[in-house]
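Q: Could you take me through one of the pockets of this model in some detail, and then show me how the surrounding parts of the chain are arranged? I am new to this structure, so please go step by step.

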Amino acid sequence: MEINGVAHVMLTVSNFEKCLPFYEKLLPFLGLRPVIKNDQTLYCVGGRTAVGITRGDDTHRGERFVQRRVGLHHACFRTREHADVDEAHKFLVGIGAKIVHPPEDGPWAPGYYSVLFEDPDGIRLEINHVLGKGLLA
């Protein structure tokens with residue numbers, strides 16, 4: 001068996017009201033379109049995957065993401081072109097995302113190029129491009 005990509009990623013956010021407008025801009029920019037939107041969830045589909053956010057329990061309201069705690073470290077979205085990373089960076093700056101690092105080359109695979117940023121809850125997200133088949137070449 002070989003998987004055919006990631007079906008979906010669901011992120012639980014502590015401040016749904018603050019995160020919703022961020023993801024309503026980011027996900028369509030990435031080519032994902034909303035298919036579910038209510039007072040608990042935003043779920044967008046495109047590019048052979050889906051990404052959603054869901055409201056966290058009230059007991060966790062106001063908590064910030066901690067990257068090294070057990071659970072998600074970060075989520076990364078791969079682009080088709082190197083220039084897409086630069087375009088994404090400009091878009092992210094325009095919507096007020098916290099940029100952890102601007103577009104830069106990385107050592108993780110030949111031609112690895114990425115921007116790292118955070119959503120309003122501090123959840124780390126990345127947009128990257130890797131030349132060809134990367135490590136699978």
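**A pocket and its surroundings**

A: The second largest pocket has a volume of about 370 Å³, and, like everything that follows, this value comes from a predicted model. Its lining is made up of 18 residues, and those that lie nearest the centre of this pocket are T12, E63, R64, F65 and R69. Sorted by class, the lining of the second largest pocket comprises eight nonpolar residues, together with five polar and five charged ones.

Among the residues nearest that centre, E63 deserves a separate look. E63 belongs to the loop that runs between strand 4 and strand 5. Its relative accessibility is 36%, and because this value falls between the limits of 20% and 50%, E63 counts as partly exposed. If neighbours within four places in sequence are set aside, the residues in contact with E63 are S14 and D121. The first of these contacts links distant parts of the sequence: E63 and S14 are separated by 49 residues along the chain, yet their C-alpha atoms are 6.0 Å apart in space.

The loop that holds E63 has strand 4 on one side and strand 5 on the other, and these strands lead to two sheets. Strand 4 is part of an open sheet of four strands, which follow the order 1-4-3-2 with mixed pairing. At the edges of this sheet stand strand 1 and strand 2 (33–37), and since each has a single partner strand, one side of each has no neighbour in the sheet. Ignoring direction, neighbouring strands here are turned against each other by 20° on average. Strand 1 and strand 4 run parallel and are joined by six bridges, and within this part of the sheet V13 stands opposite R55 of strand 4. Helix 1 (residues 16–29) packs on the sheet, where it touches strand 1, strand 2, strand 3 (41–46) and strand 4, and its direction makes about 165° with that of strand 4.

Strand 5, in turn, belongs to an open sheet of four strands, in the order 5-8-7-6, and here too the pairing is mixed. Strand 5 and strand 6 (98–105) are the edge strands, and because each pairs with a single strand, one side of each is left without a neighbour in the sheet. From one strand to the next, the twist of this sheet averages 15°. The pairing of strand 6 with strand 7 (residues 113–118) is antiparallel and extends over five bridges, with H101 placed opposite L116 in strand 7. Helix 2 packs on this sheet and touches strand 6, strand 7 and strand 8, while its direction makes about 20° with that of strand 7.

Elements of both sheets also come together in the largest pocket, which has a volume of about 1200 Å³. Of the 33 residues in its lining, G47, C76, F77, R78 and T79 are the closest to the centre. Two or more lining residues come from each of strand 1 (8–13), strand 4 (49–55), strand 5 (75–78), helix 2 (82–94) and strand 8 (124–129). Strand 5, an edge strand of its sheet, contributes the most to this lining, with four residues. By class, the lining of the largest pocket holds 19 nonpolar, eight polar and six charged residues.

Key. Residues numbered from 1 in each chain as written. Predicted model: local features only at pLDDT ≥ 70, side-chain atom pairs only at ≥ 80, totals over all residues. Heavy atoms only, no water. 1 Å grid on protein atoms, 1.4 Å probe; cavity = no way out; pocket = protein on both sides within 12 Å on 5 of 7 lines; lining within 4 Å. Points joined across faces, edges and corners; volume = space filled by probe spheres on them. Nonpolar A, V, L, I, M, F, W, Y, C, P; charged D, E, K, R; others polar. Pairing = 2+ DSSP bridges. Axes fitted to C-alpha atoms, helices over the stretch in contact; angles between N-to-C directions. Contact = heavy atoms within 4.5 Å. Buried < 20%, exposed > 50% of the residue type's maximum accessible area, 1.4 Å probe, protein only.
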